[in-house]
Amino acid sequence: GDILDDYLRTGGVWILTRNKQFYKTNNEKECAEKCEAERNFTCRAFLFTRKKLQCLTLAENAKTTVMFNSTDAVLYEKKIYLLQCKKGIGKDYRGTEAKTWRGIPCQKWAEKTPHKPNYTPEKHPNAGLDENYCRNPDGDENGPWCYTTDPATRFDYCNIPECEGQVTHTGEECMQCNGEDYHGEVSRTKSGLECQRWDAQEPHMHGFTPKHFPEKDLKMNYCRNPDGELRPWCFTTSPTKRWEYCNIPHCTTQPPVSGLGSQCLSGKGEDYRGRIAVTESGNTCQHWNTQFPHRHGWIPDGYPCKGLEENYCRNPDGEKRPWCYTINSSVRWEYCAIPHCDGREQGIAGMSNVPVQVPLSEECYRGKGQSYRGITSITVSGKKCQAWSSMFPHRHEKTPDRFPNADLRDNYCRNPDGDSSPWCFTTDPSVRWDYCNLKRCDDYTQQ
């Protein structure tokens, strides 16, 4: 095949790297040959500039260094160094997993403590013994391993998934339900745009980084559905198109039947399929397939695996527990009282990271409310707040990693940008954001 088939191409970007070599070449293929023949370091990627016909072979790739916009440059990264899965025993694994299956951090291959290694970068220059990444320099049948930072455990194996298991997870390049479990390798949008890598912030800044969503399989630039959208999508490499859906066909096999779900509450209750249809305050639930009295985006036909039957309490969006819209026009939505599977009484005290009693000072705000850290998540118009880490139904850039000091937890009202009072994006597709149903602390003291 073509030598470039072993590389992932990203147009219009440049990466900063310490180790590089400059060459004059006529095209990308010649540049790839220079990368393959590089002897000064292990070549993991190369940059080719079309105007100057300049070729830069690189020791690093976008996973290990910073990426910038550069209209004339094209980045080619060796796929083997981007894969986060292993083939066979993983002798060729060059991913960045750096902890054992028990979660113990790995020791750097070049270091001598706490364990003196038999396998070092000097002795095995072609084994990819970079940093403290899991590797298999000796062809161990149990797969990639590392020396550990625990003095009592010299080495241990790493939990690296099989590539075949990830790529053919659905049996073919198709999706079940809304594609939330899609693990294929489609990396172009429905209009043919190339997808932006999930670990890159160019050309679009976003909060969906693999580090913050480790369970969402945000690998390379593959289409994924990390936020409960209608189907898999990606940010695009076009500066003028932030994101777009991908064209992934539905699998011919039927999705799991929703009726087989749990009849009681475990975890957040996302698999709850019981028939409770009344909220904890006694309001009857609105049917999911109606838009009255509350308009919403959770259409049963659009979300075939969320169990949105009748008006039963459900948790389609990863809320704290099952909820529903109510038939009370002045109460948009409420949580439902679902019995726990282990027989515990459900109450706010049982919910993790929610205080049993919120002090009065936390139910009001001072100044503009930038210091407010309460748990109110309802707007002045009664709308439910969208989680800050979610991009559904509204895409935005007010993410926890961009505003680390603003305490953007769950869907609690906050003021990360110095607005006049705490606010949030709403779960109503027709209302992007609204101020929250909170009073100033001064108002309490005046009463």
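Glu397 is partly exposed, with 34% relative accessible area, and its side chain meets that of Arg402 in a salt bridge. The structure is a predicted model. This briefing covers its salt bridges, its nonpolar cores, one pocket and one cavity.

**Salt bridges**

- Side chains of opposite charge can pair when their charged atoms come close.
- The count of salt bridges comes to 23.
- In the pair of Glu397 and Arg402, the N to O distance is 2.8 Å.
- Arg402 counts as partly exposed, at 36% relative accessibility.
- Glu309 and Arg314 form another salt bridge, and their closest N and O atoms lie 3.1 Å apart.
- Glu309 has a relative accessible area of 30% and is partly exposed, whereas Arg314 is buried, with a value of 0%.
- A salt bridge also joins the side chains of Arg332 and Asp428, at 3.9 Å from N to O.
- This pair links distant parts of the chain, since Arg332 and Asp428 are 96 residues apart.
- Arg332 sits in the loop between β10 (323–325) and β11 (333–335), while Asp428 sits in the loop between β13 (423–425) and β14 (433–435).
- Arg332 is buried because its relative accessibility is 6%, and buried means under 20%.
- Asp428 counts as buried too, with a relative accessibility of 5%.
- A network of salt bridges links Arg373, Asp407, Arg409 and Arg414.

**Nonpolar cores**

- The largest nonpolar core has 16 residues.
- Trp288, Trp298, Cys313 and Trp323 are the residues that touch the most other members of this core.
- Two elements, β10 and β11, give two or more residues to the largest core.
- β10 provides the largest share of this core, with three residues.
- Leaving aside residues up to four places away in sequence, Trp298 touches Gly228, Trp288, Tyr303, Leu308, Pro316, Asp317, Trp323, Tyr325 and Phe392.
- Trp288 and Trp323 are thus named both among the contacts of Trp298 and among the core residues that touch the most other members.
- A second, separate core holds 15 residues, among them Cys195, Cys223, Trp233 and Cys246.

**The second largest pocket**

- The second largest pocket contains about 1,000 Å³ of space.
- Its lining consists of 40 residues.
- Lys63, Gln84, Thr96, Pro210 and Lys211 are the lining residues nearest the centre of this pocket.
- Sorted by class, the pocket lining comprises 17 nonpolar, 11 polar and 12 charged residues.

**The largest cavity**

- One cavity of 30 Å³ or more is present in the structure.
- The volume of the largest cavity is about 30 Å³.
- The residues that line the largest cavity are Thr10, Met67, Cys195, Gln196, Arg197, Ala200, Glu202 and Thr237.
- The cavity lining has three nonpolar, three polar and two charged residues.
- The charged residues of this lining are Arg197 and Glu202.
- The nonpolar residues of this lining are Met67, Cys195 and Ala200.
- The polar residues of this lining are Thr10, Gln196 and Thr237.
- Cys195 lines the largest cavity and is also included in the second nonpolar core.

Methods. Residues numbered from 1 in each chain as written. Predicted model: local features only at pLDDT ≥ 70, side-chain atom pairs only at ≥ 80, totals over all residues. Heavy atoms only, no water. 1 Å grid on protein atoms, 1.4 Å probe; cavity = no way out; pocket = protein on both sides within 12 Å on 5 of 7 lines; lining within 4 Å. Points joined across faces, edges and corners; volume = space filled by probe spheres on them. Salt bridge = Lys/Arg side-chain N within 4 Å of Asp/Glu carboxyl O. Buried < 20%, exposed > 50% of the residue type's maximum accessible area, 1.4 Å probe, protein only. Helix = DSSP H or I, 4+ residues; strand = E, 2+ residues; numbered from the N terminus. Core = buried A, V, L, I, M, F, W, Y, C linked by side-chain atoms within 4.5 Å. Contact = heavy atoms within 4.5 Å.
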